[in-house]
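Q: Please take a close look at the ligand and its surroundings, for a reader who is new to this structure. After that, please go on to other parts of the chain, step by step.

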Amino acid sequence: MPLPLAWSEDGPKVERLKDPTNSGNKSLSLHRWANWIAGFSAEFVNSAIDRYLSPTGAAQATVLDPFAGVGTTNVEALRRGFQTCGFELNAFAALAARCKLEVARLDLDLLRTTIDQYATSMRAFECHVDRWWDALARGRQPYPGPVPRARPPELFRTREPFFSKPVELKVLWTLDFIGGIEDPTIQDYFRLALGSTLVSYSNYSYEPSLCSRSKLGKPLVENASVGAAIASKLEHMVADAVELRSELSLLPQLPRAHIVQGSFFDALSHLAPGSIDLAITSPPYLNNYHYVRNTRPQLYWLGFVTSPADAARLEKQSFGKFWQTVRDGQAVELCFNLPGLESQLAELRTLRSEHGIYGGSGWANYVASYFNDSYRFLGLLRTLLKPGGHAVVVVGNSLLQGMDFRVDEVLSQIATLHGLDAQVERIRSKRVGNSIVGTGLRQKPQNGRPELYEAAVIVKR
Ligand SMILES: C[S@@+](CC[C@H](N)C(=O)[O-])C[C@H]1O[C@@H](n2cnc3c(N)ncnc32)[C@H](O)[C@@H]1O
């Protein structure tokens with residue numbers, strides 16, 4: 001049974017929260033602008049809004065996503081007329097979320113004209129590059145065409161060349177073009193279009209972690225039309241922006257919507273205590289999916305990160321940290337008291353001790369860091385929620401070194417420690433993904449087949 005609904009029983013009846021997986025988003029207006037691992041489905045967000053907020057109070061209510069990703073929660077809240085705010089640490093994801101929320105203020109005519117200018121400039125440039133590349137295949141010739149001013153990010157290193165030479169020249173030409181755009185919002189749209197397409201014409205691929213194509217047995221991308229990929233992404237963005245603007249024009253007033261590019265742990269610098277009616281979110285899962293490493297191409301090529309030290313700072317600020325960041329420090333202790341979790345951690349520490357930090361002790365540090373951040377997160381959420389406000393927090397369990405960590409149950413217990421009402425609702429079983437980590441468990445399931453699931457922890461202040 002869900003916690004009592006926050007508003008009148010006469011409102012829409014939502015029996016179940018919808019499937020949170022975002023596969024459908026790839027073709028959905030706005031959501032198709034940038035794919036994001038573990039991104040929400042639009043219909044999941046809407047089912048949570050339907051359940052906990054009254055449409056009649058929309059203009060006054062605020063929907064928060066503390067881990068906004070590419071802004072699915074915020075876009076759907078905006079569409080429904082709610083004020084909305086999101087925090088996102090990853091600058092590329094934050095860029096995607098921000099572009100979506102800026103649709104109403106966007107100069108669409110200027111965007112269209114700039115796309116035309118870009119397409120014309122790229123067509124001519126790609127012609128030069130493609131001719132040179134063909135000639136090169138027949139016998140070496142120096143590059144005869146114009147030379148881009150932009151340079152590849154100096155400290156972005158990959159095992160295989162990230163782009164082939166002709167593709168790299170085209171990307172650099174695009175960067176020159178973007179650098180010359182005066183309007184910052186239009187510039188953001190172009191940067192997003194570049195960021196969300198660049199892996200598709202690189203020698204890497206998402207599987208879902210970033211992997212070189214040669215390692216996957218896929219052919220390298222020797223040449224491609226970067227201009228066509230980016231222009232087509234921008235055309236989609238224009239079409240979707242037109243659609244959203246007509247939806248927003250029906251609202252009595254345009255809600256406030258903004259994304260903070262930064263850590264949710266600094267939320268009190270941006271939000272007043274007791275200001276949030278509903279939070280819908282999904283923090284990184286306890287599966288060590290490495291958001292920072294997997295977006296290195298976008299972070300470096302868009303200039304958000306210029307050195308490994310920048311990336312390391314992001315890793316340290318990330319919710320739950322990463323196994324790689326914490327595995328070899330001193331034993332991390334829990335900063336709160338939950339005897340069940342403590343004994344599970346103690347057991348994990350003893351496993352595969354012959355592997356040192358690659359065995360249980362390294363993973364125990366990761367789990368303890370993850371739940372310490374969960375404790376901070378739920379404490380902050382309690383401060384931000386209005387009395388009677390709800391949060392829907394989607395998490396998955398994880399199988400680490402053969403042990404099943406039921407993150408939903410632990411989060412619900414931590415919420416109770418903070419004086420919140422909490423309960424757990426299973427929303428999906430047989431979740432696919434890399435949540436069985438650090439062990440040969442895929443080959444040797446203990447106690448039968450390990451079950452992966454996703455659950456919503458429903459919290460009420
Ligand atoms: C599971 S994803 C959320 C996806 C989101 N629901 C969507 O639909 O796009 C978790 C996000 O949390 C972000 N993140 C990690 N640590 C953070 C922090 N301290 N503050 C804000 N965001 C953070 C990650 O970069 C990642 O985008």
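A: What follows begins with the ligand and then turns to aromatic rings, nonpolar cores, single residues and the backbone.

The model is a predicted one, and local features are described here only where pLDDT is at least 70. The ligand is surrounded by 25 residues, and the closest of them are W36, F40, T72, E88 and F319. Two of these closest residues can be followed down to particular atoms. In F40 the partner is a backbone N or O atom, which lies 2.7 Å from an oxygen atom of the ligand, whereas in E88 a polar side-chain atom lies 2.6 Å from an oxygen atom of the ligand. A nitrogen atom of the ligand also has a partner, since an N or O atom in the side chain of S263 is 3.1 Å from it. How much of the ligand's exposed area does the protein bury? On its own the ligand exposes 600 Å², and 99% of that is buried by the protein.

F319, one of the residues closest to the ligand, also leads to the aromatic rings. The model holds 30 aromatic pairs, and one of them joins F319 to F67. The ring centres of F67 and F319 are 5.1 Å apart and their planes stand at 70 degrees; planes over 60 degrees apart count as edge-to-face, so this pair is edge-to-face. The two rings come from distant parts of the chain, 252 residues apart. F67 sits in the loop between strand 1 (62-65) and helix 2 (72-79), while F319 sits in the loop between helix 10 (308-317) and helix 11 (323-326). Both F67 and F319 are buried. They also belong to a cluster linked by ring pairs, whose members include F87, F264, F265, W323 and Y358.

Helix 10 can be looked at once more through D310, which is placed in that helix. Its relative accessibility is 19%, and because buried means under 20%, D310 counts as buried. The side chain of D310 makes a polar contact, at 2.6 Å, with the side chain of R313.

From the rings the view can move to the nonpolar cores. The largest nonpolar core has 73 residues, and L111, Y189, F190, L192, Y201 and L234 have the most contacts inside it. Helix 3 (residues 91-101) gives the most to this core, contributing nine residues. If neighbours within four places in sequence are left aside, L234 is in contact with L111, I115, Y189, F190 and A193. Another core, of 48 residues, lies apart from it, and L348, A391, L400 and V457 are among its members.

Some single residues add to the picture. D188 is found in helix 6 (residues 184-197), and with a relative accessibility of 11% it counts as buried. Beyond its neighbours within four places in sequence, D188 is in contact with L95, R98, C99 and E102. Is N337 buried or exposed? N337 has a relative accessible area of 54%, and it is therefore exposed, as the limit for that word is over 50%. N337 lies in the loop between helix 11 and helix 12 (339-350), where it touches E342 and L417, residues up to four places away in sequence not being counted. From L30, N337 is separated by 307 residues in sequence and by 43 Å in space, taken from C-alpha to C-alpha.

The backbone itself comes last. The peptide bond from E207 to P208 is cis, with omega near 5 degrees, and P208 has its place in the loop between strand 3 (204-206) and strand 4 (210-212). N288, although it is not a glycine, has a positive phi of about 60 degrees; it is found in the loop between strand 6 (276-281) and helix 8 (291-294), and at 11% relative accessibility it counts as buried. Q401 is not a glycine either, and its phi is positive at about 50 degrees. Q401 is found in the loop between strand 8 (398-400) and strand 9 (403-405), and it is buried, with a relative accessible area of 6%.

Notes
Residues are numbered from 1 along each chain as its sequence is written. This is a predicted model: local features need pLDDT of at least 70, side-chain atom pairs count only at pLDDT 80 or more; totals for chains, interfaces and linings use all residues. Side-chain values use heavy atoms; hydrogens and water are left out. A nonpolar core is a set of buried Ala, Val, Leu, Ile, Met, Phe, Trp, Tyr and Cys residues joined through side-chain atoms within 4.5 Å. Buried means under 20% relative accessible area, exposed over 50%, partly exposed in between (1.4 Å probe, protein chains only). Helices (H or I, at least four residues) and strands (E, at least two) are DSSP runs, numbered from the N terminus. Contact means heavy atoms within 4.5 Å. A residue is near a molecule or strand if one of its heavy atoms lies within 4 Å of it. A polar contact is a pair of N or O atoms within 3.5 Å; within protein, one must be able to donate a hydrogen and the other to accept it, and residues adjacent in sequence count only if both atoms are side-chain atoms. Accessible areas come from the Shrake-Rupley method with a 1.4 Å probe; for residues, only the protein chains shown count as cover. Rings of Phe, Tyr and Trp (its six-membered ring) pair if their centres lie within 6.5 Å; planes under 30 degrees apart count as stacked, over 60 as edge-to-face and the rest as tilted.
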